[in-house]
Amino acid sequence: MPSNKSVSDAPIVQFTNCRILRSHQLQREDLWVREGKILNPEKLFFDEKGSADIQLDCKDSIIAPGFIDVQINGGFGVDFSLATDDFKSGIDLVSQKILSHGVTSFCPTLVTSPPSVLPQISIRNGGTHGAGILGAHLEGPFISKEKKGAHPEHCLRTFEAGAFQDLLATYGSLDCVRIVTLAPEMKRSSEVIRELTKQGICVSLGHSVANLSQAEEAVQHGATFITHLFNAMLPFHHRDPGIVGLLTSDKIPAGRRVFYGMISDGIHTNPAALRIAHRAHPTGLVLVTDAIAGMGLAPGRHTLGQQVVEIDGLNTYIAGTKTLSGSVATMDTCVRHFQEATGCSVETALEAASLHPAQLLGIEHKKGTLNYDSDADFLMLNDGLYVQATYIAGEEVWRQDALGM
């Protein structure tokens with residue numbers, strides 16, 4: 001067999017006996033990986049005259065792109081919104097633990113809180129140390145008091161004379177920021193949305209009492225996402241559907257797609273509402289966990305930013321109230337619930353946690369697909385969509401049997 005060394009000395013790994021999610025379908029073919037990227041086997045065979053150095057039998061597993069969680073507040077006792085001396089070890093712990101749930105990259109999400117945490121978040125690639133960090137999701141403080149949810153009211157802000165300068169003064173640097181959630185009905189929000197969009201930051205609408213025309217105006221200025229649809233916004237009304245109406249609006253600029261986050265945990269959104277949203281706008285649905293520090297922990301009292309929350313089963317409330325505050329569901333649980341609740345295909349369920357968030361962030365050329373030359377971040381799953389193994393850059397970073405399960 002001719003040598004593989006004509007292009008690279010790196011070993012070529014061939015994953016066999018698997019069904020690959022590619023071009024919206026599960027296809028029975030092999031997956032080829034080298035140097036952390038997915039190879040085109042035709043180029044390998046015909047241009048390089050190459051072959052596999054290592055073959056791995058996947059035993060009829062599904063191979064799907066790694067999940068991307070664009071809204072996660074913490075987990076396993078760690079709260080990203082709390083400034084602590086060991087913040088880095090906390091974020092390291094979460095990024096390592098979520099590998100078992102199929103998450104290969106994520107946006108650490110900060111709820112309204114003092115701004116001292118932000119400088120401690122840095123963008124980094126994933127690996128054996130944990131899932132990659134794509135940048136921070138800043139949820140607040142420029143949100144509505146009426147729909148503040150678990151956000152402390154005394155920390156909320158409005159845009160004053162400086163508008164974008166007010167935002168900079170609040171956040172400090174935007175270097176590691178990927179998403180900003182704000183309420184579009186706020187005065188001067190349009191200029192802030194335009195400026196954030198110009199800087200490549202995704203603007204999401206949420207924690208808001210905006211009507212549909214205010215939401216449409218925000219999209220025309222560059223907003224592309226809705227934070228946890230149905231939660232912390234005006235309920236759908238037939239005469240003014242509010243932010244929810246963006247799913248079927250005819251005022252979206254040509255070539256633009258509005259994405260929307262869904263907490264598919266069976267608690268935050270009734271399965272019927274999940275079905276309505278999915279059927280209205282299937283290509284915009286992005287599964288998010290909105291997980292808080294209590295994810296992975298026993299029921300009881302935990303924190304979310306400045307608030308104390310109580311976990312009771314899958315319910316999480318601000319202590320002493322019935323106000324929902326984040327989730328304790330894991331991403332793989334959300335994928336399975338979404339598929340079960342909507343009756344959608346396996347491919348659709350998997351893409352809602354991989355392709356769609358990658359498209360939202362504009363990184364679909366690298367992540368969220370198994371296309372040739374994209375990052376080899378992928379999962380092996382069984383037919384029940386339970387994660388069996390997680391790979392980042394072609395390297396196994398978690399495997400179920402390794403834990404003796």
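Biologist: Why is cysteine 155 called buried?

Modeller: This is a predicted model, and the call rests on computed area. Cysteine 155 has a relative accessible area of 13%. Buried means under 20%. The value of 13% falls under that cut-off, so cysteine 155 counts as buried.

Biologist: What makes cysteine 18 buried?

Modeller: The test is the one just used. Cysteine 18 has a relative accessible area of 1%. The cut-off is under 20%, so cysteine 18 is buried.

Biologist: How do you know whether cysteine 18 is in a disulfide or in none?

Modeller: Look at the sulfur distance. The nearest cysteine sulfur belongs to cysteine 58 and is 4.3 Å away. A disulfide needs the two sulfur atoms within 2.5 Å. The distance of 4.3 Å fails that, so cysteine 18 is in no disulfide. The search of the whole structure finds zero disulfides.

Biologist: Why is tyrosine 171 called buried?

Modeller: Its relative accessible area is 8%. Set 8% against the cut-off of under 20%, and tyrosine 171 is buried. Tyrosine 171 sits in helix 3, residues 164-171. Its C-alpha atom is 22 Å from that of alanine 293, with the two positions 122 residues apart along the chain.

Biologist: What makes the backbone at aspartate 290 worth a remark?

Modeller: Aspartate 290 has a positive phi of about 55°, although it is not a glycine. Its place is the loop between strand 16 (285-288) and strand 17. Aspartate 290 is also at 6% relative accessibility. That is under 20%, so aspartate 290 counts as buried.

Biologist: Which sign does phi have at leucine 385?

Modeller: Positive, at about 65°, and leucine 385 is not a glycine. Leucine 385 lies in the loop between strand 20 (378-381) and strand 21 (387-392). Its relative accessibility is 3%. Against the cut-off of under 20%, leucine 385 is therefore buried.

Biologist: What kind of peptide bond joins glycine 140 and proline 141?

Modeller: A cis bond, with omega about 10°. Proline 141 is in the loop between strand 11 (136-139) and helix 3.

Biologist: How do you know that strand 17 and strand 18 pair?

Modeller: Count the bridges. Five bridges join strand 17 to strand 18 (residues 307-312). Pairing needs at least two, so these strands pair. They run antiparallel. Arginine 301 stands opposite glutamate 310 in strand 18.

Biologist: Why are strand 17 and strand 19 called edge strands?

Modeller: Strand 17 (300-304) and strand 19 (315-318) each pair on one side only. The open sheet has three strands in the order 17-18-19, with antiparallel pairing. Its twist averages 35° from one strand to the next.

Biologist: What volume does the largest pocket have?

Modeller: About 290 Å³. The lining has 18 residues, and the closest to the centre are Asn125, Gly126, Lys366, Lys367 and Asp375. The lining divides into seven nonpolar, five polar and six charged residues.

Biologist: How many cavities of 30 Å³ or more are there?

Modeller: Two. The second largest cavity holds about 40 Å³ of space. Its lining includes Gly66, Ile68, Lys366, Lys367 and Asp375.

Biologist: How do the lining residues of the second largest cavity divide?

Modeller: Into one nonpolar, four polar and four charged. Ile counts as nonpolar, so Ile68 belongs to that class. Gly counts as polar, so Gly66 goes there.

Methods
Residues are numbered from 1 along each chain as its sequence is written. This is a predicted model: local features need pLDDT of at least 70, side-chain atom pairs count only at pLDDT 80 or more; totals for chains, interfaces and linings use all residues. Side-chain values use heavy atoms; hydrogens and water are left out. On a 1 Å grid over the protein atoms alone, a cavity is a set of points where a 1.4 Å probe fits but cannot get out, and a pocket is an open set with protein on both sides within 12 Å along at least five of seven lines; lining residues have an atom within 4 Å of a point. Grid points are joined across faces, edges and corners, and a volume is the space filled by probe spheres set on the points. Buried means under 20% relative accessible area, exposed over 50%, partly exposed in between (1.4 Å probe, protein chains only). Helices (H or I, at least four residues) and strands (E, at least two) are DSSP runs, numbered from the N terminus. Axes are lines fitted to C-alpha atoms, for helices over the stretch in contact, and angles run from 0 to 180 degrees between N-to-C directions.
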